[in-house]
Amino acid sequence: MSSKKPQTENQRDIEEGVRTDFRNTMSYGSYLNLDQVLSAQQPVSVPEHHDEMLFIIQHQTSELWLKLMLHELIEARRLLGQDDIGKALKCLARVKHIQKTLTEQWSVLATLTPREYAQFRGFLGSSSGFQSFQYRAVEFILGNKHQGMLKVHESDPKAHELLSNLLHEPGLYDVFLAALARRGYDIPEEILSRDFTKPWTYQEALIPVFKEIYESEDTTWSLYQACEDLVDLEDNFQAWRYRHLRVVQRTIGFKRGTGGSSGVDFLKRALDLTFFPELFAVRTEIGN
């Protein structure tokens, strides 16, 4: 048994080497620009409604995670283009954790009751999550491109430029398929040279390629893992979409969205969108 006596005071002494004077050096708050970050929550309801702070922080933190997700997806795409599969998978592993965090966050917003939200919803005007350029950028790099979406961001030159660039650039899946082609897999040229501004559509010619990757004992493990990571990305994205739909339905029912959409019905249709359909379709063929 330990012979140590319990502390008489419930506190921890500051160690001698701990810095306490930050007049001439960088502090935690200055490094993170916390003055700006923590002053960015500006409720617009009059009188200010208590629960609007939750609504703002929920969406601001989501945007920060989307920023990191996009950062990692762009880097994964670059690494795949350089045939550095291992490092690309590290980026995708991080993205998957971000996705799970974003999905779990909906449980916090779900504590907002219909009555509470109704008391400040009218002050939001026409602002809507539909207008998130970072969310749209993530969808674009994953292959769900829609040129018409650029209209939503014409008033924001930087956002419009980012989305326009991503619209015309190959997506993550395109770059992965090109990497497979360089390894000798039979990826049709019309797929490799397709119009990248168009949304990805199902390509039957890829099924034999993925069947070989999944069934062959000679497949490099990193390629097999890359396929599974892409499947995980889509599964996680769909889980986020579904959780979003359910939180919206429990909060506003079937009201129209503040941005003009049909609300829940609009979100339901998003569940039909897919990024990597061949990676799911091939499962029917494996073992046959």
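Where is Asn 33 found? Asn 33 is in the loop between α1 (28-31) and α2, and we will come back to it below. First, keep in mind that this is a predicted model. The protein chain has 13 helices and zero strands, so-called "α" elements one after another from the N terminus on. Let's walk through the overall picture, then some helices, the core and a few residues worth finding on your screen.

**The whole chain**

- The C-alpha trace of the protein chain spans about 70 × 60 × 45 Å along its principal axes.
- The protein chain has 288 residues, and 39% of them count as buried.
- Its accessible surface comes to about 17,400 Å², and carbon and sulfur atoms account for 53% of that surface.
- Take the contacts in the protein chain with a separation of 6 or more: 72% of them are between residues 24 or more positions apart.

**The nonpolar core**

- In soluble globular proteins, nonpolar side chains tend to be buried together.
- Here, the largest nonpolar core holds 68 residues.
- Which of these residues touch the most other members? They are Leu 73, Leu 142, Tyr 173, Phe 176, Leu 180 and Phe 210.
- Helix α11 gives this core its largest share, twelve residues.
- Leu 73 is a good one to click on: leaving aside residues up to four places away in sequence, Leu 73 touches Leu 92, Val 95, Val 138, Ile 141, Leu 142, Leu 172 and Leu 233.

**Helix α6, a mostly covered helix**

- How many of the nine residues of helix α6 (residues 133-141) are buried? The count is eight, and the helix is described as mostly covered.
- The buried residues of α6 are Gln 134, Tyr 135, Arg 136, Ala 137, Val 138, Glu 139, Phe 140 and Ile 141.
- These buried residues pack against α3, α7 (157-168), α8 (172-182) and α11.
- Just after α6 comes Gly 143, with a positive phi of about 110°.

**Two helix pairs that share α11**

- Two packed helices are described by the angle between their axes and the distance between the axes.
- For α6 and α11, the angle is about 145° and the axes are 13 Å apart. The crossing of α6 and α11 is left-handed.
- On the α6 side, Tyr 135, Val 138 and Glu 139 make the contact. Their partners on α11 are Phe 237, Trp 240 and Arg 241.
- Sorted by class, the contact of α6 with α11 has four nonpolar, no polar and two charged residues.
- For helix α10 (residues 207-215) and helix α11 (residues 221-252), the axes come within 9 Å and cross at roughly 115°. The crossing of α10 and α11 is left-handed.
- Phe 210, Ile 213 and Tyr 214 of α10 meet Leu 223, Tyr 224, Cys 227, Glu 228 and Val 231 of α11.
- Sorted by class, the contact of α10 with α11 has seven nonpolar, no polar and one charged residues.
- Phe 210 may look familiar, since it is also among the core residues that touch the most other members.

**Backbone details in the loops**

- Asn 33 has a positive phi of about 55°, although it is not a glycine. With a relative accessible area of 41%, Asn 33 is partly exposed.
- Asp 83 is another residue other than glycine with a positive phi, in this case near 65°. You can find Asp 83 in the loop between α3 and α4 (85-109), and its relative accessibility of 32% makes it partly exposed.
- Val 46 and Pro 47 are joined by a cis peptide bond, with omega about -5°. Pro 47 sits in the loop between α2 (34-37) and α3 (52-81).

**Arg 250 and a distant part of the sequence**

- Arg 250 lies in helix α11.
- Is Arg 250 buried or exposed? Arg 250 is exposed, because its relative accessible area is 53% and the cut-off for exposed is over 50%.
- Arg 250 and Ala 110 are 140 residues apart along the chain, yet their C-alpha atoms are separated by 7.7 Å.
- Leaving aside residues up to four places away in sequence, Arg 250 touches Ala 110 and Pro 114.

Notes:
Residues numbered from 1 in each chain as written. Predicted model: local features only at pLDDT ≥ 70, side-chain atom pairs only at ≥ 80, totals over all residues. Heavy atoms only, no water. Axes fitted to C-alpha atoms, helices over the stretch in contact; angles between N-to-C directions. Helix = DSSP H or I, 4+ residues; strand = E, 2+ residues; numbered from the N terminus. Left-handed = near helix turned anticlockwise from the far one by under 90°. Contact = heavy atoms within 4.5 Å. Nonpolar A, V, L, I, M, F, W, Y, C, P; charged D, E, K, R; others polar. Core = buried A, V, L, I, M, F, W, Y, C linked by side-chain atoms within 4.5 Å. Buried < 20%, exposed > 50% of the residue type's maximum accessible area, 1.4 Å probe, protein only. Areas by Shrake-Rupley, 256 points an atom, 1.4 Å probe, with all protein chains shown as cover.
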